[in-house]
Amino acid sequence: MYDAIVIGAGPAGLQAALTLGRMHRSTLLLDSGEYRNGTVLHMHNMIGADGTPPAEFRSDARQELAAYGDVEIRDAAATSISGADDAFRVDLADGSAVEGRRVVLATGVVDDLPAVPGLQDLWGTVAFSCPFCDGHEHAGKSIGILGAAPRAEHLIGLLGRIVGDITVFPTSEPFSDEDRRLLEAKGARVSGAPVASVEKDDDEVRVRTADGEAAVAGVFVASGTMRQRAPFAAGLGLRVLESGCIEIDEFGRTSLPGVFAAGDLAHRATLPGPMASVLLAAAAGQLAAIGIIQSLA
Ligand SMILES: Cc1cc2nc3c(=O)[nH]c(=O)nc-3n(C[C@H](O)[C@H](O)[C@H](O)COP(=O)(O)OP(=O)(O)OC[C@H]3O[C@@H](n4cnc5c(N)ncnc54)[C@H](O)[C@@H]3O)c2cc1C
């Protein structure tokens, strides 16, 4: 019986395991190897690790955890969770099961991108969604925004002072005259035809539409959605917010006693959505670990 089973070894789960291990709480960290930033070459906006490859960050974190005798890491996928506070059972994909007094869900989210041919292949290398993570790298360069008008307008507001030219491409129907005027008033060019495909060509991204082609340095997606990567929120009947994320309190407690959540998959009801970043996911992991340690003490 572990004190805690942490499901997920992105920044949230890794940090939760570190804090639990430093407090000598026996901890099992499970990792199925599917990371939200799995295709990203360099992560940004993380003090002390700005520009670090995410894979290097995770491997350094695992090396740090190896120094703590109370932390065990298994590259294994969890399939279901049952039981109750003080006695949870987590079934693994290999047919075995493990038991823990507390559970931390840190399984992250999946980005569902608009159905633009070629876009999935570029995700994380030249196609992004977060101006805080990838805006500065496009300073002074031409970019494309793929998406629906209100979110595209919001992105222009954030990226406008950083990048050079911005062209907005609708991803399904052409923009209405009103939306077009709104986006142009923000200083962007607006493509009349929806984007047909995107493709990387040397240092450029070619954005094709029915009536032409444009070359930009990168594209920002303003019409994707995200969903829980793992089925545990639904399986456990946890309270979920309008964003699709698990509701947590200040210490990562979910609506089910003994089950904690941290990282992109959860946030407090006072926020409109998860503040998705490596730093904040790690911070949430530490808060959940503190919540667990206090409850066990
Ligand atoms: C394109 C892109 C670029 C980004 N760039 C940046 C950036 O520059 N800077 C920044 O701060 N943030 C960036 N982010 C955001 C950042 O990646 C996330 O905020 C962060 O990874 C969230 O961490 P997490 O621990 O919640 O989830 P994740 O990092 O997604 O980790 C989830 C973990 O859960 C595991 N898991 C899932 N299901 C199971 C299961 N059933 N059993 C066992 N394990 C499971 C996975 O294997 C993984 O270990 C970017 C995101 C994207 C999409």
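This talk covers the ligand site, a surface patch, two backbone angles and the salt bridges of the structure above.

Keep in mind that this is a predicted model.

Let's start with the ligand. How many residues surround the ligand? The count is 36. The closest are Ala-9, Asp-31, Glu-34, His-44 and Val-278.

Now the character of that shell. By class, 18 of its residues are nonpolar, eleven are polar and seven are charged.

Next, the polar atoms. I have three distances for you, each to an oxygen atom of the ligand. For Arg-36, a backbone N or O atom sits 2.9 Å from a ligand oxygen. For Ala-12, a polar backbone atom is 3.1 Å from a ligand oxygen. For Asn-37, the atom in question belongs to the side chain: a polar one, 3.4 Å from a ligand oxygen.

How much of the ligand does the protein bury? On its own, the ligand exposes 1,000 Å². The protein buries 97% of that area.

Which elements give two or more residues to the shell? They are helix α1, residues 11-22, then α4, residues 131-134, and α8, residues 278-296.

Stay with α8 for a moment. Leu-280 is placed in that helix. Leu-280 is also part of a nonpolar patch on the surface. Its partners there are Leu-271, Met-275 and Leu-279. Together the four have about 340 Å² of accessible area. Take Leu-280 by itself, and the relative accessible area is 44%. That makes Leu-280 partly exposed, because the class runs between 20% and 50%.

On to the backbone. Two residues deserve a look for their phi angles.

One is Asn-45. Its phi is near 65°, a positive value in a residue other than glycine. Where is Asn-45? Look in the loop between β2, residues 27-30, and α2, residues 54-65. Asn-45 has 48% relative accessibility and counts as partly exposed.

The other is Asp-202. Here phi is near 50°, again positive in a residue that is not glycine. Asp-202 also sits in a loop, between β12, residues 195-201, and β13, residues 204-209. Is Asp-202 buried or exposed? At 67% relative accessibility, Asp-202 counts as exposed.

Now the charged pairs. A search of the whole structure gives 22 salt bridges. I will take three of them.

Pair one is Asp-3 with Arg-101. The closest N and O atoms are 4.0 Å apart. Asp-3 lies in strand β1, residues 2-7, and Arg-101 in strand β6, residues 97-105. The pair therefore ties together parts that are 98 residues apart in sequence. What about exposure? Asp-3 has a relative accessible area of 12%. The limit for buried is under 20%, so Asp-3 is buried. Arg-101, at 25%, is partly exposed.

This pair also belongs to a network of salt bridges. Which residues does the network link? Asp-3, Arg-25, Asp-85, Asp-86, Arg-101 and Arg-102.

Pair two is Glu-72 with Arg-74. Here the closest N and O atoms are 3.1 Å apart. Glu-72 is partly exposed, with a relative accessible area of 31%. Arg-74 is partly exposed too, at 28%.

Pair three is Asp-165 with Arg-189. Their side chains meet in a salt bridge of 3.3 Å, N to O. This pair links distant parts of the chain, 24 residues apart. Asp-165 is in the loop between α5, residues 149-159, and β10, residues 166-169. Arg-189 is in strand β11, residues 189-190. As for exposure, Asp-165 is partly exposed at 39% relative accessible area. Arg-189 has 51%. Exposed means over 50%, so Arg-189 counts as exposed.

One last residue, Asp-91. Its place is in strand β5, residues 87-92. Asp-91 counts as buried, with 17% relative accessibility. What does its side chain contact? The side chain of Arg-89, in a polar contact of 2.8 Å.

To recap two points. The protein buries 97% of the area the ligand exposes when taken alone. And the whole structure has 22 salt bridges, with Asp-3 and Arg-101 forming one of them.

Technical notes:
Residues numbered from 1 in each chain as written. Predicted model: local features only at pLDDT ≥ 70, side-chain atom pairs only at ≥ 80, totals over all residues. Heavy atoms only, no water. Near = heavy atom within 4 Å. Polar contact = N/O pair within 3.5 Å; in protein donor to acceptor, adjacent residues only side chain to side chain. Areas by Shrake-Rupley, 256 points an atom, 1.4 Å probe, with all protein chains shown as cover. Helix = DSSP H or I, 4+ residues; strand = E, 2+ residues; numbered from the N terminus. Nonpolar A, V, L, I, M, F, W, Y, C, P; charged D, E, K, R; others polar. Patch = residues over 30% accessible without salt bridge, like charges linked within 9 Å, V, L, I, M, F, W, Y side chains within 5 Å. Buried < 20%, exposed > 50% of the residue type's maximum accessible area, 1.4 Å probe, protein only.
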